[in-house]
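Student: I'm new to this one, so could we go through a few spots together?
Tutor: Gladly, and you can ask as we go.

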Amino acid sequence: MDVDASSLPIGPKGTRWPGWSGARRFDAGRPGPRSPNSRGGTIRSHTRGVDVPALSWLELPAGPAVQLLDQTRLPAEETTVTCADVPALIDAIRRLVVRGAPLLGVAGAFGVALAACRGDDVAQAAAAIERARPTAVNLAWGARRALAAYQQARQPAGKGHEDHQDTERAAARAALAEARLIAAEDAAASAAMAVHGLALISPDARVLTHCNTGALVSAGEGTAFAVILAAHRAGRLAMLWVAETRPLLQGARLTAYEAGRAGIRHAVLADSAAASLLAAGEVDIVLTGADRIAADGSVANKVGTYGLAVLASHHKVPFVVVAPMSTVDPDTPDGAAIIVEHRPADEVTRIAGKQVAPGGTSAYNPAFDVTPPGLLTAIVTEHGVARPVNAGTLRVLSAGSCNAEGPPADVYVER
Ligand code: MRU
């Protein structure tokens, strides 16, 4: 994700944010260390050549508003959608103008800040944002964090009219600061995941990935794609196989776009070609992101992930999920408890706006599926690696130290 000048954190495009000195660890539930990011500046994407920030906070006079790179139009054009109120932001979230779990967390928090700056009913706005998409837990998590910051800053209110206005302004600033902090933490988590994930990549690796997990979905370099980039920079990546990711083609449109701009050797394949590719021994590891990880290690991710995990298991190829701790949801006990978003039929019956199925054909269109923990080799987070994947190893990571200056987390193994 990029966040633009008037708005958020960071240094020049392609650089790590100031203050970053390696694999820092943050507990998503607690504020991380304040960096220059949390005070202002610009977050810059690491996706070379993506010129428009994925998400920008616009101050007055252009704002307050949240400006989004319209991901539905990529790769053909880089255009933006400006959301001056929460209904506009919710519409953009539902249409996937902004998407991907970590960036949805950031967008949810900025949405709450937007409501606060506008003097809207902030609790109501946060609840509406949470409902916009049900599966990616980061959306509700980000909205709730910004709401909590807003409500806490309002505590001393109620003396007089002027005091009340001052308090409201301070509370709006607190919500905005929290949104910026979430972005900064996500950038840090992304870099830490890259470090931990790289340890799992062998030389000359041929990686298969699904959906889109790069800078377009994150304040940093992303989740699985951050590991892919790290492997590429380390000279360990021989080939990136990109599953097209029907029906909305996040792989073919967005991951191929990011891979191309990063100079990564890659090829797009039809989702249904993954089976024969794995059977041919052309894949050394499968890397994906996640939209919600239940307490037992079940992973909800873009539809098609479960099928890939079954195939990988059959062909004895490691299947690794990369996601920040903000995607781990201890309140969802298992995969059965994950709500899977179902989307409109025309996403399946039409391709690029053109009707391909006979008019009136109904469709089965779950946006996600759930992969049970037994099919996963490991889950990589900013706190370290859960391997094997189960409630115990995830609990260890959830309790993981948040020592910002510490060395990279260990690989936790529970036998
Ligand atoms: O429906 P989307 O495009 O928001 O899908 C979510 C995703 O981008 C993927 O499932 C991804 O693998 C997890 S988020 C990095």
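Student: Leaving aside its neighbours within four places in sequence, what is Val268 in contact with?
Tutor: In this predicted model, once the neighbours within four places in sequence are set aside, Val268 touches Val242, Glu244, Gly251, Ala252 and Ala256. Val268 itself sits in strand β6, which covers residues 266-269.

Student: And is Val268 buried or partly exposed?
Tutor: Val268 has 18 other C-beta atoms within 10 Å, so it counts as partly exposed, given that a buried residue needs 20 or more.

Student: Moving on, which residues of helix α9 are buried?
Tutor: In α9, which spans residues 305-314, the buried ones are Thr305, Leu308, Ala309, Leu311 and Ala312. Viewed down the helix axis they fall within an arc of 165 degrees, so they line one face of α9.

Student: What covers them?
Tutor: The cover over the buried residues of α9 includes the strands β4, β7, β9, β10 and β14, together with helix α8.

Student: Different topic: at what angle do α2 and α3 pack?
Tutor: Helix α2 (residues 101-118) and helix α3 (residues 122-132) pack at about 155 degrees, with their axes 9 Å apart. The two are therefore roughly antiparallel to each other, and their crossing is right-handed.

Student: Which residues make that contact?
Tutor: From α2 there are Gly108, Gly111, Val112, Ala115 and Ala116, and from α3 there are Val122, Ala125, Ala126 and Ile129. Of the residues in this contact, seven are nonpolar, two are polar and none is charged.

Note on methods. Residues numbered from 1 in each chain as written. Predicted model: local features only at pLDDT ≥ 70, side-chain atom pairs only at ≥ 80, totals over all residues. Axes fitted to C-alpha atoms, helices over the stretch in contact; angles between N-to-C directions. Helix = DSSP H or I, 4+ residues; strand = E, 2+ residues; numbered from the N terminus. Parallel < 35°, antiparallel > 145°, perpendicular 65-115°, else oblique. Left-handed = near helix turned anticlockwise from the far one by under 90°. Contact = placed C-beta atoms within 7 Å. Nonpolar A, V, L, I, M, F, W, Y, C, P; charged D, E, K, R; others polar. Buried ≥ 20, exposed ≤ 12 C-beta atoms within 10 Å, placed from the backbone. Arc of directions from axis to C-beta.
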